[in-house]
Amino acid sequence: MHEGYTDEAVIPIEGDRPTYGFGSTTRPDGSPVRLGDAISPPVALRKALSDINGKFETPLRGCIKVPLHQHEWDFAVSMSYNVGASAFCSS
C-alpha cells in the first residue's frame, strides 16, 4: 500500500469522501470521517492495519482462486484498498 498520511481529514480528490490517516474513510468506531476530524499516527496505523486485514485481505482470499507472488498480492490489496474489495472482486 502506498497511501500518504495526513493528521487531519481532507478531501483527496474533488468529489471524494473525506479521508485521514492513511486514507481511511471511517473513524475507528466505524462512523464516516468528516472534515475537521483529526487522528494521531499510532491510531491511524492501527486503523489501517485493521482495515487491511478485515476489509480487504479477507474478501480477497475468497475471490482470488489462483496462487500469487507476493508483489501481485500486494498490488491486489492496494488496489482493493482504493476501489473497495467488492469492486475489485467483481472486476
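**Exercise 1.** In which helix is P42 found? Determine also whether P42 is buried, partly exposed or exposed.

*Solution.* The structure is a predicted model.
Step 1: P42 belongs to helix α1.
Step 2: The relative accessible area of P42 is 46%. Buried means under 20% and exposed means over 50%, so P42 is partly exposed.
Step 3: In sequence, P42 and G21 are 21 residues apart, while their C-alpha atoms lie 9.5 Å apart in space.

**Exercise 2.** Identify the residues of the largest nonpolar core and the helices that supply them.

*Solution.*
Step 1: The largest nonpolar core has eleven residues: A48, I52, F56, L60, I64, W73, A76, V77, Y81, A85 and F88.
Step 2: At least two residues of this core come from each of the helices α1 (41–63), α2 (70–83) and α3 (85–90).
Step 3: For A76, residues up to four places away in sequence are left out of the count; the contacts are then L60, I64 and F88.
Step 4: There is also a second, separate core of five residues, and A9, Y20, V33 and A44 are among them.

**Exercise 3.** Which residues make the nonpolar surface patch of about 270 Å²? Place M79 in its helix and classify its exposure.

*Solution.*
Step 1: The patch is made by F75, M79 and V83.
Step 2: M79 is located in helix α2.
Step 3: With a relative accessible area of 34%, M79 is partly exposed, because this class lies between the buried limit of 20% and the exposed limit of 50%.

Definitions and conventions: Residues are numbered from 1 along each chain as its sequence is written. This is a predicted model: local features need pLDDT of at least 70, side-chain atom pairs count only at pLDDT 80 or more; totals for chains, interfaces and linings use all residues. Side-chain values use heavy atoms; hydrogens and water are left out. A nonpolar core is a set of buried Ala, Val, Leu, Ile, Met, Phe, Trp, Tyr and Cys residues joined through side-chain atoms within 4.5 Å. Buried means under 20% relative accessible area, exposed over 50%, partly exposed in between (1.4 Å probe, protein chains only). Helices (H or I, at least four residues) and strands (E, at least two) are DSSP runs, numbered from the N terminus. Contact means heavy atoms within 4.5 Å. Patches are made of residues with over 30% relative accessible area and no salt bridge: like charges are joined within 9 Å, nonpolar side chains (Val, Leu, Ile, Met, Phe, Trp, Tyr) within 5 Å. Accessible areas come from the Shrake-Rupley method with a 1.4 Å probe; for residues, only the protein chains shown count as cover. A salt bridge is a side-chain nitrogen of Lys or Arg within 4 Å of a carboxyl oxygen of Asp or Glu.
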